[in-house]
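Thanks for coming, everyone. Before I start, please have the sequence and the model open, and stop me whenever a term is unclear.

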Amino acid sequence: MSPALPHRVIFDTDPGVDDAMALYFALAHPDIQVLGITTTFGNVTVQQGAANALYLCALAGRQIPVTQGVARPWVKPGEAPPAYIHGADGLGNLPERMAVKEQLDPRSSAQFIVDMARANPGQITLVAVGPLGNLSLALRLEPELPRLLKQVILMGGTVLEPGNVSPVAEANIWNDPHAADQVFTAGWPLTMVGLDVTHRLVLPVTLFERIAQHHRHRATDTLHHAVAFYANFYGSRFEHVAAVHGCFGHDVLAFIYLVAPHLFQTKSGQIRVATDGVAQGQTILKRQAGIEYPQAGWEAALPSSTACMGVDAEACSALFESTMMRPWLSA
Ligand code: BDR
Ligand code: CA
């Protein structure tokens, strides 16, 4: 193991089926240490998301601090969570749940991020896979946050691939475009893992069945159940996904980028978010370097980010499977 490892991570999430997939990949991966889970609204209400994070950790036998974060977007009205995608409970409508004794950390998600970053300056990677209100609030609490965190890797947005909630918008950015624009312009090392790459990673339900059969554990059984529900939604929308009875592995790619960035092709440039109008939620990457535009909002001083534009999906799929097959679960 190189001295820089393991990657010390705060996971900001709206769990959510692919969020659950991502969390379990992170827990299974030897080079990732999850220091805390901060939750937000999105796929479910924030209360349900926090309960799901506690539940997923309890199932996996891990004690990780979990906080509850923002419940709605900064400016626009909130929307009902998409129960038809993730289930009303966010985990594919589980038939039953075991009791969980672990309690939430009483701090807000934003306060937790700030506290951890201050205590470990330059060491923590923030992996964010939901709407970005917690990061936006954390920036208001601690304007030095961009220098206190090591990097931000977020699943959200799209450059060339069509959006998934409008022709141009991806769901996490759409859910809080004002917070997202603040996050993209804050000035931290930031990588956007958007639909340009997540729509390339189709994971079949049979893969989760193999993982569940291998471990014979309630954590991987629960994941298998949740993914089977989630795959029904994607199968109803995308023929090539239906053909393998699978789903997109959106959020897990943020963690795969963390541990295997060589599997991605990227492009750097300034990224802004359209906050209003028909393009609301669109992530706009300035793709031509060296051009000075006369329009406000694209000044040269604006920080640059990295956008993932291509991915070796087969290698990601293989890495996901081999990681999930590791002995990461206790009896
Ligand atoms: C993103 O939106 C959510 O539904 C998923 O969990 C993922 O973070 C995909 O657009
Ligand atoms: Ca998510």
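I will go from the chain as a whole to a metal site, and then to two single residues.

First, a word on the source: this is a predicted model, in which local features need pLDDT of at least 70 and side-chain atom pairs count only at pLDDT 80 or more, while totals for chains, interfaces and linings use all residues. Residues are numbered from 1 along each chain as its sequence is written, chains are lettered from A and ligands numbered from 1 in the order in which they are written, and side-chain values use heavy atoms, with hydrogens and water left out.

The chain holds 14 helices and 12 strands, where helices (H or I, at least four residues) and strands (E, at least two) are DSSP runs numbered from the N terminus. Its radius of gyration, taken over C-alpha atoms, is 18 Å, close to the 20 Å that the globule rule gives for 331 residues, so the chain is as compact as a globular protein of that length; the rule itself is 2.2 Å times the number of residues to the power 0.38. Of the 331 residues, 57% count as buried, meaning under 20% relative accessible area, with exposed meaning over 50% and partly exposed in between (1.4 Å probe, protein chains only).

Now to the metal: which residues coordinate the calcium ion (ligand 2)? They are Asp14 (OD), Asp19 (OD, listed twice), Val129 (O) and Asp251 (OD), at 2.3 to 2.8 Å. Donors here are N, O and S atoms within 2.8 Å of the metal, or 3.2 Å for Na, K and Ca, and because water is not among the atoms, sites may look incomplete. Asp19 lies in helix H1 (residues 17-28) and Val129 in the loop between strand E4 (124-128) and helix H5 (133-141), so the pair ties together parts that are 110 residues apart in sequence. Both Asp19 and Val129 are buried.

Let me turn to Thr40, which sits in the loop between strand E2 (32-39) and helix H2 (46-60). Thr40 is buried, with a relative accessible area of 0%, and, leaving out residues up to four places away in sequence, its contacts (heavy atoms within 4.5 Å) include Asp14 and Gly130.

Finally, is Met309, in strand E12 (residues 305-311), buried or partly exposed? Met309 is partly exposed, with a relative accessible area of 23%, and among the residues that Met309 contacts, beyond its neighbours within four places in sequence, are Val159, Asp196 and Lys267.
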